[in-house]
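Biologist: I have a structure open on my screen and a pile of labels I'd like justified. Could you walk me through them?

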Amino acid sequence: VRRASRYAKLAVSAATFAVQDSPCMQGLGGADVGTVLATGYGAVESTVQFTATGLRGNPAKCSPIVFAATVPNSAVGQICMVHGFTGASTQLIGGDPLEYAALLVQGGRAKAVLAGAVEEYNGDLASSLHTAGALGGAVLSEGAAVLVLSAEQREESWCRTAGFASVALPASPYAHVLSAEEQAQCSALMAQTLRALGKTPDLVLTAQNGGQLDGAEAASVAQAFGTGTPTFAYKRLFGECLGAGYMQGAALAAAMLKTGSCACIQSGVPTRGLHTVCVSGIDAQGNYMVALFESAAQ
């Protein structure tokens, strides 16, 4: 851990809190636990540092210690080593770690799976994304979030997953300025994906970030669930964390369903009787993902 990158330490920290919080982890051996982690850009700081050495004309001086930290799955590897997990482990570059983890649990590949995402802030990356002109008013940040999924439901369980859906957008809204036609196409695809959940939730935690797709997603939520469905943009709390944002929204949804309330975030949304929450996210590769969570008491 001492030599681990900040990218890996963010992931290990989030995973450790999840393990400590989860009652279904009690009594499980390392082989019983799977780990699925997603990222958009991986260990950016280490990658930039390693690449810069080569670009200066000193490839022989590129540190092998730094190189190991550039590998995207270094974070999931650190989690497994720190906690002794030897079950199925996967590093995703984009995509939905929750749905993948649910498939592992449902298929009997693991008794519990840590599903999470991590994104490390880097000034060079931020500068390049802002130069592309696609981020608009989005405030870039970093973060990691990890949830534990289990087939076993206990009284202490925070919530349960009730459905997933995803679609590939025409282009990544973080790296490209989308035309009006592409934005309209994105809105239609988003609405189709939300409707695939088959249920109107009590609250939608949207991926809106002050950027170019905010209007498209607002229109898609209204089209899929009706104009009266309450929404909250969770990135107002966390900033734009690129590949980690979706899982941060999922963690917020789980906390809301655990308490049965979201009065802490915004007036005008349900403060009592909160039973279903939909979370949406857009990863760095341009995938739009949604998940539906239900109160464990339902």
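**Labels and the values behind them**

Modeller: Let's begin with a polar contact: the side chain of serine 220 reaches the backbone oxygen of glutamate 217 at 2.7 Å. Keep in mind that this is a predicted model.

Biologist: What makes serine 220 count as buried?

Modeller: Its relative accessibility is 0%. Buried means under 20%, so serine 220 counts as buried.

Biologist: Where is serine 220 found, and which residues does it touch?

Modeller: Serine 220 is found in helix H8. Not counting residues up to four places away in sequence, it touches Ser187, Met190, Ala191 and Leu194.

Biologist: How do H7 and H8 pack, and at what angle?

Modeller: H7 covers residues 180–195 and H8 residues 214–225; they pack at an angle of about 35°, with their axes 8 Å apart. The crossing of H7 past H8 is right-handed. On the H7 side the contact is made by Gln183, Ser187, Met190, Ala191, Leu194 and Arg195. On the H8 side it is made by Ala216, Glu217, Ala219, Ser220, Val221, Gln223, Ala224 and Phe225.

Biologist: How many residues of that contact are nonpolar, polar and charged?

Modeller: Eight are nonpolar, four polar and two charged.

Biologist: On to the strands. What is the order of the open sheet of four strands?

Modeller: The order is S2-S1-S3-S4, with mixed pairing. The twist averages 15° from one strand to the next.

Biologist: What makes S2 and S4 the edge strands?

Modeller: Strand S2 (89–93) and strand S4 (143–150) each pair on one side only.

Biologist: Why is the pairing called mixed?

Modeller: Strands of a sheet pair through backbone hydrogen bonds, either parallel or antiparallel. Here S1 and S3 pair in the parallel sense over six bridges, while S3 (residues 112–119) and S4 run antiparallel, joined by eight bridges. Alanine 117 is a handy landmark: it stands opposite alanine 145 in S4, and alanine 38 stands opposite alanine 117 in S3.

Biologist: Which helices pack on the sheet?

Modeller: Helix H4 (residues 74–83) packs on the sheet, touching strand S1 (33–39), S2 and S3. The direction of H4 makes about 155° with that of S1. Helix H5 (residues 97–106) packs on the sheet as well, touching S1, S2, S3 and S4. The direction of H5 makes about 165° with that of S3.

Biologist: What makes S3 mostly covered?

Modeller: Eight of its eight residues are buried. Ala112, Leu114, Gly116 and Val118 point one way from S3, whereas Val113, Ala115, Ala117 and Glu119 point the other way.

Biologist: Why that back-and-forth pattern?

Modeller: In a regular strand the side chains alternate between the two faces of the sheet. Strand S6 shows such a split too: Leu203 and Leu205 point one way, Val204 and Thr206 the other, and all are buried.

Biologist: Which strands pair with S6?

Modeller: S6 runs parallel to strand S8 (residues 276–282), joined by three bridges. S6 and strand S7 (residues 231–233) also pair in the parallel sense, over three bridges. Leucine 205 has valine 279 as its bridge partner in S8, and threonine 206 has alanine 233 as its partner in S7.

Biologist: How do you know that threonine 206 counts as buried?

Modeller: Its relative accessibility is 1%. The cut-off for buried is under 20%, so threonine 206 counts as buried. Threonine 206 has its place in strand S6 (residues 203–206). Leaving aside neighbours within four places in sequence, it is in contact with Glu217, Val221, Thr231, Phe232, Ala233, Tyr234 and Ser280.

Biologist: How far apart are threonine 206 and serine 63?

Modeller: They are 143 residues apart in sequence and 41 Å apart in space, C-alpha to C-alpha.

Biologist: One more. What is the phi of leucine 242?

Modeller: Leucine 242 has a positive phi of about 55°, although it is not a glycine. It is found in the loop between helix H9 (235–238) and helix H10 (245–259).

Biologist: Why is leucine 242 called buried or exposed?

Modeller: Leucine 242 has 5% relative accessibility, so it counts as buried.

Technical notes
Residues are numbered from 1 along each chain as its sequence is written. This is a predicted model: local features need pLDDT of at least 70, side-chain atom pairs count only at pLDDT 80 or more; totals for chains, interfaces and linings use all residues. Side-chain values use heavy atoms; hydrogens and water are left out. Axes are lines fitted to C-alpha atoms, for helices over the stretch in contact, and angles run from 0 to 180 degrees between N-to-C directions. Helices (H or I, at least four residues) and strands (E, at least two) are DSSP runs, numbered from the N terminus. A crossing is left-handed if the near helix is turned anticlockwise from the far one by less than a right angle, and right-handed if clockwise. Contact means heavy atoms within 4.5 Å. Ala, Val, Leu, Ile, Met, Phe, Trp, Tyr, Cys and Pro count as nonpolar, Asp, Glu, Lys and Arg as charged, and the others, Gly among them, as polar. Buried means under 20% relative accessible area, exposed over 50%, partly exposed in between (1.4 Å probe, protein chains only). A polar contact is a pair of N or O atoms within 3.5 Å; within protein, one must be able to donate a hydrogen and the other to accept it, and residues adjacent in sequence count only if both atoms are side-chain atoms. Two strands pair if DSSP finds at least two bridges between them.
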